[in-house]
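Here is a short report for a reader who is meeting this structure for the first time. Keep the view open while reading.

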Amino acid sequence: EGLTQADPGLRVRLFNAGKADKNDIVTEIFRSRGVLVGSPTINRGYLSSLGGLLEMVRGLGFKNKKAAAFGAYGWSGESVKLLTAQLKECGFEVPAACDAGIRAMWNPDGDALAQCRAFGLEFGKSL
């Protein structure tokens, strides 16, 4: 919602990295101006399906694309910080307003969802 609030003409595509063909996701990344990557924290890290995807993306050396991370956690919450570092290593520019990513504890409540919309708005403005 925040992304389309920033730019109503923005086309948003959603993918589940655990189910979608990674080549399809990479193709969409090539076509896009930016990407948001999300994962819950699992064993003090992020989902293994994202690890495989980001390893593919890292070798492609993207330039002039923006990215940011989001996620949910129960105890420790490292996934967003780790994803942000990985996105930077992949060559993405992480906008300053989105550098810390956005995290929500457990299932996001109304306040957390409002913060997510604001995060999407800031990321959308950076595109």
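Asparagine 43 is exposed, because its relative accessible area is 76% and the cut-off for exposed is over 50%. This is a predicted model. Asparagine 43 sits in the loop that links β1 and α3. Its phi is positive, at about 50°, although asparagine 43 is not a glycine. Most residues other than glycine have a negative phi.

Asparagine 64 also has a positive phi, near 55°, and is a residue other than glycine. Its place is the loop between α3 and β2. Asparagine 64 is exposed, with a relative accessible area of 79%.

Valine 12 lies in another loop, between α1 (2-6) and α2 (22-31). Is valine 12 buried, partly exposed or exposed? Valine 12 counts as partly exposed, because its relative accessibility is 40%. Leaving aside neighbours within four places in sequence, valine 12 is in contact with Leu3 and Thr4. Glycine 34 is 22 residues away from valine 12 along the chain. The C-alpha atoms of the two are separated by 10.0 Å.

**The sheet**

Strands of a sheet pair through backbone hydrogen bonds, either parallel or antiparallel. Here three strands form an open sheet in the order β1-β2-β3, and the pairing is parallel. Which strands are at the edges? They are β1 and β3 (102-105), and each pairs on one side only. From one strand to the next, the twist averages 15°.

Strand β1 (residues 34-38) and strand β2 (residues 66-73) run parallel and are joined by five bridges. Glycine 38 has phenylalanine 70 of β2 as its bridge partner. On the other side, β2 and β3 pair in the parallel sense over four bridges. There, alanine 72 has its bridge partner, alanine 104, in β3.

In a regular strand the side chains alternate between the two faces of the sheet. Along β3 the alternation is plain to follow. Ile102 and Ala104 point to one face and are buried. Arg103 and Met105 point to the other face and are not buried. Strand β1 has two faces as well. Val35 and Val37 make up the covered face. Gly34, Leu36 and Gly38 make up the uncovered one.

A helix lies across these strands. Helix α5 (residues 110-126) lies across β1, β2 and β3. Its direction is at about 170° to β2.

**Helix packing**

Two packed helices are described by the angle between their axes and the distance between the axes. The table sets out two such pairs.

| Helix pair | Angle | Axis distance |
|---|---|---|
| α3 and α4 | about 20° | 9 Å |
| α2 and α3 | roughly 50° | within 11 Å |

Take helix α3 (residues 48-58) and helix α4 (residues 79-89), which pack at an angle of about 20°. That angle makes α3 roughly parallel to α4. The crossing of α3 past α4 is left-handed. Which residues meet there? From α3 come Leu50, Leu54 and Arg58. From α4 come Leu83, Gln86, Leu87 and Glu89. By class, the residues of this contact are four nonpolar, one polar and two charged.

Now take α2 and α3, whose axes cross at roughly 50°. That angle makes α2 oblique to α3. Their crossing is right-handed. On the α2 side, Lys22, Asn23, Ile25, Val26 and Ile29 take part. On the α3 side, the residues are Ser49, Gly52, Leu53, Met56 and Val57. This contact of α2 with α3 has six nonpolar, three polar and one charged residues.

Helix α3 thus belongs to both pairs: α3 packs with α4, and the axes of α2 and α3 come within 11 Å.

How values were computed. Residues numbered from 1 in each chain as written. Predicted model: local features only at pLDDT ≥ 70, side-chain atom pairs only at ≥ 80, totals over all residues. Heavy atoms only, no water. Axes fitted to C-alpha atoms, helices over the stretch in contact; angles between N-to-C directions. Parallel < 35°, antiparallel > 145°, perpendicular 65-115°, else oblique. Left-handed = near helix turned anticlockwise from the far one by under 90°. Contact = heavy atoms within 4.5 Å. Nonpolar A, V, L, I, M, F, W, Y, C, P; charged D, E, K, R; others polar. Buried < 20%, exposed > 50% of the residue type's maximum accessible area, 1.4 Å probe, protein only. Pairing = 2+ DSSP bridges.
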